[in-house]
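Please look over the structure shown here before reading on, with attention to the surroundings of the ligand and to one of the sheets.

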Amino acid sequence: MESLPVLGVFFMVKTANVAVMPLFPRSQYRIIGQIGQGQFGRVYCAIHRLTGRMFALKDLEHRVFPTNKFLRELSYLLTLRHPNIVACHGLEYHPGGRYLVMDYCEGGTLRDIIDGDGDLCVVGKIDLVRQILLGLAQAHQHDIVHCDLKPENILLIPRGEGWQVKVSDFGIARLTAKTGNPNFGKGYTGSPAYMAPERFYGKFSVASDIYAVGILLYELIVGDRPFSGFPKALQTAHLNTRLTLPPEFPPLLGSIVQRALEKLPQRRFSSAAAMASALATAQKQALEQSLPQANGYLYHHLAPASLTFTATVKHSTPLLFPVNHLTRAGLWLYLGNGTELYLWQYGDGNFEHHPLPRWSLGLPGTMANLEVNQDQINLLIQGGEPGEWQFYQWQETLLSNLCLPKPCINLQADRLLANLSPGGKTLAVVVGDQSSAKGYFQVWRTDLCLAVAPALPTRCPCQLLTLDQNHGLLVQSPSTASHRQTVFFLFNRRGSVFPAFRLSFLVSQLVVNRYSRNHLFGLADDAPQTGILVRLQPLKVNRIALNVQPQFVQPFPWGYLLADRHGEVALLDYEGFLFGNFSLGETITAIAPMGRYLCLFATWQGNGGNLRLLDLGSQVENIIRQRQEKR
Ligand SMILES: Nc1ncnc2c1ncn2[C@@H]1O[C@H](COP(=O)(O)OP(=O)(O)OP(=O)(O)O)[C@@H](O)[C@H]1O
């Protein structure tokens, strides 16, 4: 992440309520990636160097966004402080540009939910719209009419219990007539699909925003807007076409949408607060009628009806011992079963031709981690004395009389987390004792068997991940009963640690997608069968309803294979679309990818098990191709 482009020299300027900051030699923000592009400029995801907090930097190009408009958006945002309005934290200026520094909303926009593959339950949808109205009510109290409400301007932050909505983009917001606004009634801008009839005559009021919210509510429920077409056709429809609701439209919302979408502004809800309160009543009634499915509030993507997926068993061979570590390197398979390491030939792709392991190696403790890069074996063992850990690294020689070399790193700890960088040059570890939450973080050079820097005290992280040869993530959950969060720190191969970002809920079992290194997959701690897809640059989070509670998460070039111990397998593409399920019918103990579409499963039941090579090939390929074409 360090090698990412960094914004040049910035300094803060003085504006109304914004802290005055001295000229900085470097910006306080490091840009992580571009999130979006509006008509006025780009929006970046950036991290505050000191606090690790994420912000959105909205570049408002001089060319398309004159200073008066820029100052207007800034002044509106500074006036409005509400949990449902995106907050502006300052302004960054440098000779090449100027940026609004805003809350970062990693859950995307309402457009992602509407266009996603899944669906939120009705109660969840009502809740989103109610929150939009609460934010708007605050703007209206200050005589500010948003004038550009559309799903792209409704930002989302995923929280443990659902979503926090933030209304954004006050770029064309206007003051109401009652403020004596000299521009009142001049021209119109906005998105015709969400514009109230009076706006086509240059008129607007708080009722125009209520009309736009009515369209949003309709679109969330139905999946489409009530009126469509080119701007002229849209104008005619908003002005003249009677609204008809599809028969399946939830009756408790029918009258609310009808009222919000009245052609005459004075016949709509008198205020955003009034519409919010009507929705709160509907939400209560909907809850009384039928409780939403367990996690119905949460998702971008829902589990589709189970698709029958046929995975062909390509090869199968019986196992005489249970396997809990399985990895492939070139022509060989490495299998671990606690205190024994086995090598099995896989050379011609068919281990049925090689019914027995080539060698086995007794270990002085229990295998905690096994990784093989080409012919370099990396092994972490817990034992022989309690609290002792040994890390071994050696080149595989295929000698039959193999004996374990001397450990290259010895560690003492009740608890240990360790993760090897790709290629095996560094080993990051956190050691801790059983009784306290304190631990020590350190990076070791495996070739020199030396720590690269003194150990850094840290709260014992729950997870340690490596992203590439130079970087990794320490993940902690310093949560209280009322405030749950997952905090990520970035570390480098020199052993330095920097605050990175945080999520407002608990995520466990995180796995780095080794094919992109920019994606993580984890599981929500608070919601069973909920997957979390995290894209790092820029930060974006998707929640996915799963139909398994996976113990194994295996990245593939096309997505993820998830499996529970009972043999239930689910397949997911990179965007979180769950496209297939099958059952292996055996207890899975280890999984290893064997190529683009081949996956090896070790199973064990009672006294016996199998090594099964499954081909997911043609079906996965077809589904992924269809998805790409659809996009
Ligand atoms: N604070 C933010 N946090 C996270 N993403 C954001 C934030 N602000 C904007 N975005 C993303 O950037 C995109 C562009 O935002 P922006 O407000 O510039 O334009 P827009 O609303 O899409 O379009 P227009 O400016 O044409 O109305 C948004 O759709 C959203 O995906």
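The briefing below takes the ligand site and then the sheet.

This is a predicted model, and the distances and areas given here are computed from it. In the model the ligand is surrounded by 20 residues, and the protein buries 89% of the 600 Å² that the ligand exposes when taken alone. The sheet described afterwards is open and has four strands, paired in an antiparallel manner.

**Residues around the ligand**

- Of the 20 residues that surround the ligand, the closest are Gln-39, Asp-103, Cys-105, Asn-153 and Asp-169.
- Sorted by class, the shell around the ligand is made up of eight nonpolar residues, six polar residues and six charged residues.

**Polar contacts of the ligand**

- At Asp-103 the backbone is involved, since a polar backbone atom of this residue lies 2.8 Å from a nitrogen atom of the ligand.
- At Asp-169 the side chain is involved, with one of its N or O atoms placed 3.0 Å from an oxygen atom of the ligand.
- The side chain of Asp-148 likewise has an N or O atom facing an oxygen atom of the ligand, here at 3.5 Å.

**Cover and contributing strands**

- Taken alone, the ligand would expose 600 Å², and 89% of that area is buried by the protein.
- The elements that contribute two or more residues to the shell around the ligand are β2 (29-38), β4 (54-59) and β6 (97-103).
- Among these contributors, β2 gives the most to the shell, with four residues.

**The four-stranded sheet**

- The strands of this open sheet follow the order β29-β30-β31-β32, and their pairing is antiparallel.
- Because β29 (507-512) and β32 (540-545) stand at the edges and have a single partner strand each, one side of each is left without a neighbour in the sheet.
- On average, neighbouring strands of this sheet are turned by 25 degrees against each other, with direction ignored.

**The pair β31 and β32**

- Strand β31, which covers residues 530-535, is joined to β32 by six bridges, and the two strands run antiparallel.
- A hairpin connects β31 to β32 through four residues, and within the pair Thr-530 stands opposite Ala-545 in β32.
- Although β32 stands at an edge of the sheet, this strand is mostly covered, with five of its six residues buried.

Terms used: Residues are numbered from 1 along each chain as its sequence is written. This is a predicted model: local features need pLDDT of at least 70, side-chain atom pairs count only at pLDDT 80 or more; totals for chains, interfaces and linings use all residues. Side-chain values use heavy atoms; hydrogens and water are left out. A residue is near a molecule or strand if one of its heavy atoms lies within 4 Å of it. A polar contact is a pair of N or O atoms within 3.5 Å; within protein, one must be able to donate a hydrogen and the other to accept it, and residues adjacent in sequence count only if both atoms are side-chain atoms. Accessible areas come from the Shrake-Rupley method with a 1.4 Å probe; for residues, only the protein chains shown count as cover. Ala, Val, Leu, Ile, Met, Phe, Trp, Tyr, Cys and Pro count as nonpolar, Asp, Glu, Lys and Arg as charged, and the others, Gly among them, as polar. Two strands pair if DSSP finds at least two bridges between them. Axes are lines fitted to C-alpha atoms, for helices over the stretch in contact, and angles run from 0 to 180 degrees between N-to-C directions. Buried means under 20% relative accessible area, exposed over 50%, partly exposed in between (1.4 Å probe, protein chains only).
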